[in-house]
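This report describes selected features of a single protein model. Please keep the sequence and the structure in view while reading.

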Amino acid sequence: MADDEFRYASGFGNEFTSEAVAGALPAGRNSPQRAPLGLYAEQLSGTAFTQPRAVNRRTWTYRILPSAVHPAFRRIGNGRLRGTPFDEVEPDPNRMRWDPLPLPRDDQAADWIDGLYTVAGNGDIATRNGMAVHLYAANRDMTNRYFVDSDGELLFVPELGALVLHTELGPLRAGPGEIAVLPRGIRFRVELPDGLVRGYLCENFGAAFTLPERGPIGANGLANERDFQYPRAAFEDRAGSSVQVVNKFGGNLWAADFDHSPLDVVAWHGNYAPYKYDTANFMVIGTISFDHPDPSIFTVLTSPSDSPGLAGVDFVIFAPRWLVGEDTFRPPWFHRNVMSEYMGLVRGAYDAKAEGFTPGGASLHNTFASHGPDAETYARASTAELAPQKLTDTLAFMFESRWTILPTRQAQEAAHRQRDYDSVWSGLERHFR
Ligand code: FE2
């Protein structure tokens, strides 16, 4: 793929214009009697027409055929994908941890759809509340297959290998250390330039991810608006070919055979669009005196609910940073939390765990589960000399939800689940005198 296909426009939530062919975008109106170049005009509404301007998202597309041109969708198998309600197994108060999801073998062709594996979730797709945690592990490009998630927005956190997301609004490339967000209802296919991929996927059924308020931090810092990158228009003209479009709707997969590519948008303008972000650009804020702030200071994106400050899901990163706190226990402290915490690791080590939490692995600490540093980390951090220390080459993250994150049966019973996770805290000794 030519480099110029990955030139991006920047600015979170901006109103963008883009045309792959000069003159494809009508001037001065959205829906002229005849759109330029024989294209069809079609609006894609990501919010209700009447939602406030600050959150309203919609995009006008100018495409070779209206997206309405397709036969009926028919039900296909869900594979390892699960939807709401997450009630396959009883809610379990135990802390859980997993090794990485096994990769597909060379002789097992798995494209990104085949490789989806649901770990846990909450809420209700029908009323657009809650979230799901999926993993993906794949080794084949989607060439004649496309995907659309009618249920939720998708946040990709690559752990192994890069993804090229060919979307209706243009291509995005995201590798480990970067994230990508695809709004609900945008069609796409996934190519794997590195051949083999694995990563985490948050499916957000609630309000679209947005940037957290900064409050007293001011006008700059954390994830800065300018570092969010949006694709430029690009289209596939595959008239007469037979392709499959897989639609996740109501928690299940449906498919229809199209005689053309659904990625046939030649020009678009609007603010409902996929984007990517490089976590290396996250401006990390931490203590320069004592204690460390609550990890909400590391929030990249949040899906707000109707209660101020109470997120359906937050995406939080633990990025490379300096630790300088004086008279401070520097790793994450012991903690019980009404919010539920699913954690993953993209690279390096996480400063609350000495071992067992590896890249591609994950932990789940549900509402009020006691968690925190393991015994080895406590012993080290409580006696360490408190010189300034830099945590380098590490990237952990958290999907934190207001609702209990309920595992699927396959995740609860997985061979790669660590049955002895509780023992990481069993070595903590009494020091009380
Ligand atoms: Fe926590």
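## A partly exposed phenylalanine and its patch

F235 counts as partly exposed, because its relative accessibility is 33%. The model under discussion is a predicted one. In the chain, F235 is found in the loop between β16 (228-230) and β17 (243-249). Together with V21 and L37, F235 makes a nonpolar surface patch of about 250 Å².

L37, another member of this patch, belongs to the loop between β2 (16-19) and β3 (40-45). L37 counts as exposed, since its relative accessibility is 55% and the cut-off for exposed residues is over 50%.

## The iron site

Which protein atoms serve as donors of the iron ion? They are ND1 of H335, two OE atoms of E341 and NE2 of H371, at 2.2 to 2.3 Å from the ion. Along the chain, these donors follow the spacing H-x5-E-x29-H. E341 is located in strand β24 (residues 340-347) and H371 in the loop between β25 (362-365) and α1 (375-381), so this pair ties together parts that are 30 residues apart in sequence. Both E341 and H371 are buried.

The angles among the 4 donor atoms run from 56 to 150 degrees, and the site is irregular. The reason lies in the criterion for a tetrahedral site: with four donors, all angles would have to lie between 85 and 135 degrees. For reference, the ideal angle for four tetrahedral donors is 109.5 degrees.

## Salt bridges

Side chains of opposite charge can pair when their charged atoms come close. The structure holds 19 salt bridges. One of them joins the side chains of R95 and D422, with an N to O distance of 3.0 Å. This pair links distant parts of the chain, 327 residues apart: R95 is in the loop between β5 (74-75) and β6 (96-98), whereas D422 is in the segment after α2 (409-412). R95 is partly exposed, with a relative accessible area of 22%, and D422 also counts as partly exposed, at 36% relative accessibility.

A further salt bridge connects R214 and E225, whose closest N and O atoms are 2.9 Å apart. Both residues lie in the loop between β15 (197-204) and β16, so the pair ties together parts that are 11 residues apart in sequence. Is R214 buried or exposed? R214 counts as buried because its relative accessibility is 14%, under the 20% limit. Its partner E225 is partly exposed, with a relative accessible area of 33%.

R105 and D107 also form a salt bridge, in which the closest N and O atoms are 3.1 Å apart. D107 is exposed, with a relative accessible area of 61%. In addition, a network of salt bridges links E42, R63, E168 and D264.

## Strand β15 and its partners

How many residues of β15 are buried? The strand is mostly covered, with 8 of its 8 residues buried. V197, G199, L201 and E203 point one way from β15, while R198, Y200, C202 and N204 point the other way; all are buried. In a regular strand, side chains alternate between the two faces of the sheet.

β15 pairs with strand β8 (residues 131-138) in the antiparallel sense over 8 bridges. Within this part of the model, L201 of β15 is the bridge partner of H134. Strand β10 (residues 153-160) also runs antiparallel to β15 and is joined to it by 7 bridges. For P158, the bridge partner in β15 is G199.

## Backbone features in loops

Most residues other than glycine have a negative phi, and most peptide bonds are trans. A cis peptide bond joins T84 and P85, with omega at about -5 degrees. P85 lies in the loop between β5 and β6, the loop that also holds R95 of the salt bridge to D422.

Two residues other than glycine with a positive phi may be noted here. Phi of L37 is near 60 degrees, and phi of D393 is near 45 degrees. D393 is located in the loop between β26 (389-391) and β27 (395-401). At 53% relative accessibility, D393 counts as exposed.

How values were computed
Residues numbered from 1 in each chain as written. Predicted model: local features only at pLDDT ≥ 70, side-chain atom pairs only at ≥ 80, totals over all residues. Heavy atoms only, no water. Donors = N, O, S within 2.8 Å, 3.2 Å for Na, K, Ca; no water. Tetrahedral: all angles 85-135°; square planar, octahedral: opposite > 155°, others 65-115°. Helix = DSSP H or I, 4+ residues; strand = E, 2+ residues; numbered from the N terminus. Buried < 20%, exposed > 50% of the residue type's maximum accessible area, 1.4 Å probe, protein only. Patch = residues over 30% accessible without salt bridge, like charges linked within 9 Å, V, L, I, M, F, W, Y side chains within 5 Å. Areas by Shrake-Rupley, 256 points an atom, 1.4 Å probe, with all protein chains shown as cover. Salt bridge = Lys/Arg side-chain N within 4 Å of Asp/Glu carboxyl O. Pairing = 2+ DSSP bridges.
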